[in-house]
Amino acid sequence: MPGKILALILLYSAALSAQTVQPSSIVVGRFQNLFWYITDVQAASSSESRVRFISVDSHCAPFYLSTQEYLFDRISVPQLSEKADVCMPESSLSRIVRSARKKNEDGEFGQQVLAARCGSELIVHYLPASSSLNFILLKRKAPRVAALWALADDIRKRYEENATRESQGVDRGLKEAGTSNPSLLEQAVSDIRAGNYDIVLPDAPPELQKEGHLKLSELMPLPEEATATKPENSGEVENIDQLRLEHSSTIPYPSIAVIAHIEGEVEVELYVDPASGRVLSAATSSGHPLLRSSATDTIGKWVFLHPYMGPNPVPLVVRYKIEKVQCPPVIDTSASSVVKNSRKAEKKRKR
């Protein structure tokens, strides 16, 4: 083991000394739980970066696609990836990874793929499952190499933190375009079908392959099919029918919370003006920050039947749960099934 640790240190030191070029773009892709995930980071300027999150749900046909785009106007591409050696030569990374392998653990490369434009060169890193590595050793001896595995998640977390500040009016430096923007969806579909992300996306599993087509670019339907509307996600108030409301509106599910699969409950207290029935204030006592503002911003515009005779404050619980895509039942009409069922029917008649 000491020799292996020394080899890892020497390999990382040599690779670190050669690290001089800064990335101008980064794309990370992976396939997990029948979802393709893409994190696409492009330079908007020397001090800005545009990040696009794309997810493709393959549970049902047609595929459901969602996309978000964010502009960080004070964070460049190198700053977003400053903790990770994205421009390390792939040959150097491969040697370091092999030095960190667990005994008798091969682990396939390509569980997650990262492609970075570094100067005039496109560097592609095929990252095996972290479970196949002595990852504690890797993080201790080569932290900027280990950071490659977490880069996409770190970028998302950085966005969530900025989005929370932005929703609270603290930081207006983040501009967002949501999944409801048809042009963003169509552009994402066009980019996928053009093969722009083939290099970072693994082949489809056998059950999704069609007529020898393995790549998402070959399987992706046309924009009008791929952008079909999913069941609308929203926050639900458990006792809304008992509130005697004159005006209410659907509580939107924050798009970034859907992408990040954030679910939960938000407890709200409302103070209502007895004369007008309008909400004077809405305060939350629990719940995820990304969900709280959605609840209070919407509920604050509700109007109760006036004169309002109910309690003050009014306690509410808003539940946020992401709707799952339900596949329709498949009716087996194969010959063997028809014969089998007809035989059962014949036996019943004879009885």
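This is a stop-by-stop walk through the structure, with suggestions for what to select at each point. Keep in mind that the model is predicted.

**The whole chain**

Start with everything shown as a cartoon. You will find eleven helices and 14 strands. Of the 351 residues in the protein, 42% are buried. Among contacts with a separation of 6 or more, 69% are between residues 24 or more positions apart. Switch on a surface and you are looking at about 19100 Å² of exposed area, 51% of it supplied by carbon and sulfur atoms.

**The largest core**

Next, hide the surface and select Ile26, Val86, Leu138, Trp149, Leu270, Leu316 and Val318. These residues have the most contacts inside the largest nonpolar core, which has 62 residues. Helix 5 gives the most to this core, contributing ten residues.

Centre the view on valine 86. Which residues does valine 86 touch, not counting those up to four places away in sequence? The list is Pro23, Ile26, Ser81, Leu114, Ala116, Cys118, Ile123, His125, Leu148 and Leu151.

Another core lies apart from the largest one, and this one is made of 22 residues. To find it, select Phe63, Tyr197, Ala204 and Leu208, which are among its members.

**Aromatic rings**

Now colour the aromatic side chains; the structure holds nine aromatic pairs. Zoom in on phenylalanine 135 and tryptophan 149, whose rings are edge-to-face, with 5.4 Å from centre to centre and 80° between the planes. Phenylalanine 135 belongs to helix 4 (residues 135-141) and tryptophan 149 to helix 5 (residues 143-167), so this pair ties together parts that are 14 residues apart in sequence. Is tryptophan 149 buried or exposed? Its relative accessibility is 10%, so tryptophan 149 counts as buried, the cut-off being under 20%.

Then select Phe31, Trp36 and Phe63 together, since these form one aromatic cluster. Phe63 may look familiar from the core of 22 residues.

One more ring deserves a look. Show phenylalanine 53 and arginine 156: the charged end of arginine 156 sits over the phenylalanine 53 ring, 4.4 Å from the ring centre.

**Salt bridges**

Side chains of opposite charge can pair when their charged atoms come close. There are seven salt bridges in the structure, and here are some to pick out.

- Select glutamate 69 and arginine 50, whose side chains meet at 3.1 Å, N to O. The pair links distant parts of the chain, 19 residues apart, with glutamate 69 in strand 4 (residues 64-72) and arginine 50 in strand 3 (residues 48-57). Glutamate 69 is buried, at 18% relative accessible area, whereas arginine 50 is partly exposed, at 34%.
- Select arginine 144 and aspartate 85, where the closest N and O atoms are 2.6 Å apart. Arginine 144 is in helix 5 and aspartate 85 is in the loop between helix 2 (77-80) and helix 3 (90-99), 59 residues apart. Aspartate 85 is buried, with a relative accessible area of 0%, while arginine 144 is partly exposed at 25%.
- Select lysine 215 and aspartate 203, which form a salt bridge at 3.0 Å, N to O. Lysine 215 and aspartate 203 both lie in the loop between helix 6 (182-193) and helix 7 (216-219), so the pair ties together parts twelve residues apart in sequence. Lysine 215 is partly exposed at 26% relative accessible area, and aspartate 203 counts as partly exposed at 38%.

Finish this stop by showing Asp40, Arg52 and Asp191, which are joined into one network by salt bridges that share partners.

**An enclosed helix**

Move on to helix 10 (residues 289-299). Why is this helix described as largely enclosed by the rest of the structure? Eight of its eleven residues are buried, so the rest of the structure largely encloses it. To see the buried positions, select Leu290, Leu291, Ser293, Ser294, Ala295, Thr296, Thr298 and Ile299.

**A buried glycine**

For the last stop, select glycine 277, in the loop between strand 11 (264-272) and strand 12 (279-286). Glycine 277 is buried, with a relative accessible area of 0%. Leaving aside neighbours within four places in sequence, glycine 277 is in contact with Val272, Trp302, Val303, Phe304, His306 and Tyr308. Add methionine 309 as well: glycine 277 and methionine 309 are 32 residues apart in sequence, and 9.1 Å separates them in space, C-alpha to C-alpha.

Definitions and conventions
Residues numbered from 1 in each chain as written. Predicted model: local features only at pLDDT ≥ 70, side-chain atom pairs only at ≥ 80, totals over all residues. Heavy atoms only, no water. Phe/Tyr/Trp six-rings, centres within 6.5 Å; stacked < 30°, edge-to-face > 60°. Helix = DSSP H or I, 4+ residues; strand = E, 2+ residues; numbered from the N terminus. Buried < 20%, exposed > 50% of the residue type's maximum accessible area, 1.4 Å probe, protein only. Lys NZ or Arg CZ within 6 Å of the ring centre and 35° of its normal. Core = buried A, V, L, I, M, F, W, Y, C linked by side-chain atoms within 4.5 Å. Contact = heavy atoms within 4.5 Å. Salt bridge = Lys/Arg side-chain N within 4 Å of Asp/Glu carboxyl O. Areas by Shrake-Rupley, 256 points an atom, 1.4 Å probe, with all protein chains shown as cover.
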